[in-house]
Amino acid sequence: MPVASDHLASLSAGAKKTPQTCTDPIPGVQTDLYGLELWENYVPIIDLGALHGPRRSDIIKHLAHACQQYGFFMVKNHGISEKIMNNVMGTAREFFHLPEEEKMKLQSPGDFTSPIRFAPSIKDDDQNIVVSRESLKFLTDPLENYVNLWPTYPSSFREAVAEYCVAAKRAEITLTEAIFESLGMKRASMDQILVKLEQNVSFNYYPTCEKSNLGHTVGLRGHSDPSIITMLLSDEVPGLEIFQNGEWILFKPLTNTLSVNVGDILQALSNGGYKSLLHRVAASSDTERLSIVSNCYPSKDTQIGPPEELIDDDHPAMYKDFSYKELYDSMWTLRPHDSTRLDPFKVCAD
Ligand SMILES: O=C(O)CCC(=O)C(=O)O
Ligand SMILES: [Fe+2]
């Protein structure tokens, strides 16, 4: 992926010319030589608000670095108000605290295409493991097609969730465009995806687990996401673990930021330059945990092989040219935690 590597080179070069003098306002956040903030030394922080100002090109370089080296970063100044975040988190929490039979009314076993579906914790007898996550997954795009299918209890549901979806999608479009720019994609290649960007949302609830069951309970098994990017809003309870440099690292959420991971589609679009993040959630016996995931992906007819401007003799295409529909249709034969869904689309099998 020639262009993003160039960005990295110019990141280092730029640092020598214009050293940053940022102060360090948040404990645990260091700013490196290139002006890129790192949370506790292991997660980059991207200032989304600065994309609209004179520092845009710096932020684009930060994004290239974050997507290439980490596949995971946090965003601040994302434009989603605290009120919208608190409302949707409060609504999601109320939903999961409803009696089991209320939630089960939204279950649709075996139908992965249902526009809204509740999935309870599962027991995998083959692997003798309990996956404790309860989730409510729903399609959100376009909102007017789906809002009427959403629950009316908690009574705040439709309004709070719709407001969050709109705000989250706005942030995702801004971010996705900047990520495409960081890859060096041509305007036409970016636009054919951006104009038809879609979103779905999941509420995830991880109940506390008896101490004696911790040995065979996980919150969620290791997986990558079938998205371009996934944006995650969570409460302040740690639980998400990210796979970096051969080890699992427990991520500590930071107030008012959202976290973002590279998904499989971005890995293919970037010709393997940006790595889809392997992640999982640990079970806890102390505190329940809540997260809201917004997945951003292209319309079914969008081609998601790497665009020609990212291919040259030194960087031959790693993926065939395939549509999102082909990936989507092939996904249901896999288990959700199989991170091999791009394999059929590789030019050469490993
Ligand atoms: O709850 C989390 O932190 C992560 C959830 C997740 O990875 C997913 O829903 O795909
Ligand atoms: Fe995920």
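The following exchange concerns a predicted model and the reasons behind some of the terms applied to it.

Me: Why is Asn271 called buried?
Reply: Asn271 has 22 C-beta neighbours inside 10 Å. The term requires 20 or more, so Asn271 counts as buried. Its place is the loop between helix H8 (264-269) and S16.

Me: What makes Asn128 exposed?
Reply: Asn128 has 9 other C-beta atoms within 10 Å. Since the limit for an exposed residue is 12 or fewer, Asn128 is exposed. Asn128 belongs to the loop between strand S6 (122-124) and strand S7 (129-131).

Me: What is notable about the phi of Asn128?
Reply: Most residues other than glycine have a negative phi. Phi of Asn128, however, is positive, near 50°. Asn271 also has a positive phi, of about 55°.

Me: Why are S11 and S14 said to stand at the edges of their sheet?
Reply: The open sheet has the order S11-S16-S13-S14, with antiparallel pairing. Strand S11 (220-223) and strand S14 (247-250) each have a single partner strand, so one side of each lacks a neighbour in the sheet.

Me: How do you know that strand S13 and strand S16 pair?
Reply: Pairing requires at least two bridges. Strand S13 (residues 240-244) and strand S16 (residues 279-281) are joined in the antiparallel sense over 3 bridges, so the requirement is met. Glu241 stands opposite Arg280 in S16.

Me: Why is the bond between Asp141 and Pro142 called cis?
Reply: Omega of this peptide bond is about 0°. Pro142 lies in the loop between strand S8 (134-139) and helix H5 (143-146). The bond from Tyr153 to Pro154 is cis as well, with omega near 0°.

Key. Residues numbered from 1 in each chain as written. Chains lettered and ligands numbered in written order. Predicted model: local features only at pLDDT ≥ 70, side-chain atom pairs only at ≥ 80, totals over all residues. Helix = DSSP H or I, 4+ residues; strand = E, 2+ residues; numbered from the N terminus.
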